[in-house]
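Welcome! Let us take a walk through this structure together, one region at a time.

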Amino acid sequence: MAKGLQGFWRAMLLLFCALQELGSWAMHTAVEGPGLGEPGDPALLAGGRVKRGWVWNQFFVVEEYTGTEPLYVGKIHSDSDEGDGSIKYTISGEGAGTIFLIDEITGDIHATERLDREQKTFYTLRAQARDRQTDQLLEPESEFIIKVQDINDSEPRFLEGPYIGSVAELSPVGTSVMQVMASDADDPTYGSSARVVYSVLEGEQHFTVDSKTGVIRTAVADLDRETQDRYEVVIRATDMAGQLGGLSGSTTVTIVVTDVNDNPPRFPQKMYQFSIVETAPVGTAIGRVKAEDSDVGENTDMTYQVKDEEGVEMFKVTTDSNTQEAVITVQKPLDYESKKVHTVVVEALNKFVDPRFVDLGTFRDQTIVRVSVLDVDEPPEFRPPSNLMEVQEDAHVGSIVGVVTALDPDTANHPVRYAIDRSTDTERIFDIDANTGAIVTGKVLDRETAGWHNITVLAMEADNHSQVSRASLRIRILDVNDNPPELATPYETAVCEDAKPGQLIQTISVVDRDEPQSGHRFYFTLAPEATNNHHFSLLDIQDNTAAVHTQRVGFNRQEQDVYLLPILVVDSGPPALSSTGTLTIRVCGCDSSGAIQSCNSTAFVVSATLSPGALIALLVCVLILVVLVLLILTLKRHHKSHLTSEDDEDMRDNVIKYNDEGGGEQDTEAYDMSALRSLYDFSEIKAGDGGGGPGDGGPGRNPASELHALPQWVQSPDLDFSVFRDYICRKVEQADEDLSVPPYDSFQTYAFEGSDSPVPSLSSINTWSSGSEQDFSYLGGWGPRFRQLAALYAGRRGEEDSEES
C-alpha cells in the first residue's frame, strides 16, 4: 500500500511539472507576442527587431520534492542575450546560493533543498544581468517571487483536546453534546488539501458527529447514567473532503452522562424492628432507616414521614441531612403495660421531583417499622394527679386533710408506702399514713400565719425503696373567724375649743386578719362604758367605717384637755367577734380659720403644727449631727492609738517634767499627808539580820505596829552587780547586731547613787535602818519649807516612843 501511494505521488509530481512548463511557455509567448520565438532566434534577428529587457515568468516550486536531482524551478533571460555567454546571470535574496542556484550562462534556476510550504510559502529574490567582461549591469535589477506549491502533506489535528463533554441522561435524540474542531496546515486556497470532514470511529451506536461542523449529538434517547455514566467516543477528521488519499487525524472525546431524578427512593427492607425501654424520655432516638436512591447529588435528597395515625401520635420521624436517613424518635411516653408493640409506617419521598419523569411512576416508597417496648421496674404513679387540698384552720390535730393514692404500674403490682419529704415540711405540720396515704394535721393550723403549705409526698415500693416517685401537694388553709376586728391605728385627734355640735373630727376604720369568703362587714358603736357620754357621737357609715362628731357647743381645755372615747367594733362572723378601741381626743386652741394653735400636749402640738417636710428636715439635721459626732470620736480614737503605738516603740520620746512646787508649810489641804506616814515594813529583813535594839520585839511582835523612818541608801561592799552587768552587755550586743534598731548614741545606767553627797539621801528605797536609828531634827534647820516635814516626822517618832514604852 505504501509503495502504491509513493508511485501515485511521483506521477502527480511529474504531471505538475509538465503543467508548469506548459504554463511557462504560454506566458512567455504572451510576453513576447504571438509568433515570436526565443531571444536570439535567427528569425528575430532577420526581422531587425531588437527588444531589450527581462524575460521570465512567475516561478513555482512544488514542496516536499523527494528526487535525487535538483528540482528545476524556472529560467530568467534577457533579450540582449545573444547566446554567446557574454552575459552573466546572478540572483540574490532569500535562499539565494543555498536553496536556489542559478546557471550564470543560461539563467536556469534549480532548488537544491526540500521545501515545506507550511514553514514558508514563498521566497523573494532579485535578478541581475551583468556583462561578463566589464561586470556592468546590462539590465536594471528586478525582483521576482518563487512560490512554494502546496501538496497534501499535513493531516488534520485536534489542537484543543482533550475534549470532555456532558449530556443529561434520557436526553432526546439529536441533543447537542459539544463541538470539536480540527485544523489542517495545508493551503486552504489550493485544492482540497485543507477541506476537513468529521466522522465517528468509536461510539457511533450512541453518538453522531456533524461532518462539516464537528458538533457531537446523541444518537439514542435511552442513555442511562445508572447503567453507564461515561462514554469514550473517537472522532476522526479527514482532509481532501474525505476523498480517497486524504490524510486524517483522530481524538478521543469523553462524554459524561449527568444525572436526572429518574429513580424513586426504595427501602432495602419492607420491615424493620427496633426495641426501646418504656422509661425512655421523650426525644430518645429509637433507630434509623434509609431508603436507597440510584440517583446522585440533590436528586437523592428525600424526606420521611409517618403515615399511620398511631405512629404519628407516638413517634416522630426526622431526616438527617448529612446521611439522608430517617431518625425515629419517641414523641410520647411509652408504657409496656398499656402496649408492648407499636407498628409505624414510614414513607420516603424525593424532595426534588422532575415533572418530565412523573410518568415513570410514583417517587416514594413505604416500609413498616415495628417498635417493641421493653418492661422495666418503674416507681409508683400517683392517681389521680390532683395536687390541691383544703383544710379549715380550726381543724384539730390529727384531722384528715386528704388522701393521696399511688399504684405500681408494673405487672407485679407491688404494695406502695408513703412518706413526706421533711425538707418541705421542716416544722412537721402534717403527717401521712405510710399505708393508706392519708394526710393528717400534726400541729395547730393558723391561716393568718401561713395560708398555704407546699409539701412533697413520696411514694415508694414497699420492698424496693429506690423506686420512688414524688408529687407536689398544695394545701390551702381555709379561713375561720377567729380574729376580732381592731382599729386600724391608735387613733388620736384634736378638737377646737370653739367646736360646734355635729362637727366631724375623725373617721374610724378597722382591720381584721381574717378573710371571709363573703367579705368583711363591720359594725361600730360606742362601748357600754361610754353610754353616758354627751360630748361626742359615733355614726356607722355602713361601708366598714365610722365617723366621730361633736355633740356639744365648745370645750374648755382648762377643765379637761383629753377625752378618751371607747369604740366597740363587731364583725359579721360567724361567730361574731368584737373588740374595743380607744380614740384619744385632745382639746386645742384654734384660730378663726380652725387651724390648731396650741394644745396641752407638746408632742401633739409639734405634730400638729409642723408639716411632714419640716419634720423630715429636722430628722435629717439630727442624723447629720450624730454622724459628725461619731466621726470626730473615731478620729480621736485613731489618733490616740497612733500616739500609743509611737510610745510603745520608744519610751524615751515621752519626757514628762513636773515643775510644780508645794504651797509651803501652811499648805496642808493640797495633798494627803497621811501617805507620807506610811512607812515600809522591814521587820522580816531585820529579823533575818539578827539585829536587836529598842525596837526589836522578837518573834511575837506585831508587824503592823512597827514604824520606820525614811530609809537611807548605804552602798554595801558585798553587793554583786555582775548579773546586771552581763545582762546589760548582752542587750548592747543584740542592739549592735540588729540593723533595724535606731542608733541611740547615749547609754545611761542607773545602778546606784553616788556616795559623796553632802546631804544624806531622803529616799526610802531599799532602806535597811529602822525609825529608831534616824534623827530628823536637822530638818528644822533647812528653812521654813522643811519645817512642816520636820514636825511630821518628829511627831511620828514621839508616837513610836510612846508605843514602845
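**A walk through the strands**

In strand β30, valine 440 is the bridge partner of aspartate 431. Strands here, like helices, are DSSP runs numbered from the N terminus, with at least two residues (E) for a strand and at least four (H or I) for a helix. Before going further, please keep in mind that this is a predicted model, in which local features need pLDDT of at least 70, side-chain atom pairs count only at pLDDT 80 or more, and totals for chains, interfaces and linings use all residues. Residues are numbered from 1 along each chain as its sequence is written, and side-chain values use heavy atoms, with hydrogens and water left out.

The pair just mentioned belongs to a longer match: β29 and β30 (residues 438-441) run antiparallel and share three bridges. Two strands are said to pair if DSSP finds at least two bridges between them. These strands sit in an open sheet of three, in the order β26-β30-β29, with antiparallel pairing. β26 (400-403) and β29 (430-432) are the edge strands; each has a single partner, so one side of each has no neighbour in the sheet. From one strand to the next, the twist averages 25°; such angles are taken between N-to-C directions of axes, which are lines fitted to C-alpha atoms (for helices over the stretch in contact), and run from 0 to 180 degrees.

Now step back to the whole chain. Its secondary structure comes to eight helices and 41 strands. Of its 805 residues, 34% are buried, where buried means under 20% relative accessible area, exposed means over 50%, and partly exposed lies in between (1.4 Å probe, protein chains only). The chain exposes about 48900 Å², and 54% of that comes from carbon and sulfur atoms; these areas come from the Shrake-Rupley method with a 1.4 Å probe, and for residues only the protein chains shown count as cover. Among contacts between residues at least 6 apart in sequence, 66% join residues at least 24 apart, a contact being heavy atoms within 4.5 Å.

Where does the largest nonpolar core draw its residues from? A nonpolar core is a set of buried Ala, Val, Leu, Ile, Met, Phe, Trp, Tyr and Cys residues joined through side-chain atoms within 4.5 Å. The largest one has 25 residues, and those with the most contacts inside it are Phe267, Ile286, Tyr304, Phe315, Val346 and Val369. The elements giving two or more residues to this core are β17 (271-277), β18 (285-289), β19 (302-306), β20 (315-320), β21 (325-330), β22 (341-350) and β23 (364-374). Apart from this core lies another, of 22 residues, including Val62, Phe100, Ala111 and Ile146. As for valine 346, its contacts beyond four places in sequence include Phe267, Tyr304, Val317, Ile328 and Val369.

Another open sheet of three strands has the order β18-β21-β20, again with antiparallel pairing. Here β18 and β20 are at the edges with a single partner strand each, so one side of each is left without a neighbour in the sheet. β18 and β21 are joined by four bridges, and glycine 287 stands opposite isoleucine 328 in β21. In the loop between β20 and β21 you will find glutamine 324, whose phi is near 60°, a positive value in a residue other than glycine. Is glutamine 324 buried or exposed? Glutamine 324 counts as buried because its relative accessibility is 12%.

Next, look at the loop between β16 and β17, which holds asparagine 261. Asparagine 261 counts as buried because its relative accessibility is 3%. Its side chain reaches the backbone oxygen of phenylalanine 352 at 2.3 Å. Among the residues that asparagine 261 touches are Asp293, Asn299, Val353 and Phe363.

β10 (163-168) makes a good last strand to visit. In a regular strand the side chains alternate between the two faces of the sheet. Along β10, Tyr163, Gly165 and Val167 point to one face and are buried, while Ile164, Ser166 and Ala168 point to the other and are not. β10 runs parallel to β16, with six bridges joining them, and tyrosine 163 stands opposite valine 253 in β16. Just ahead, in the loop between β9 (142-149) and β10, lies proline 162, joined to glycine 161 by a cis peptide bond with omega of about -5°. A cis bond also leads from glycine 573 to proline 574, with omega near -15°.

How values were computed:
Polar contact = N/O pair within 3.5 Å; in protein donor to acceptor, adjacent residues only side chain to side chain.
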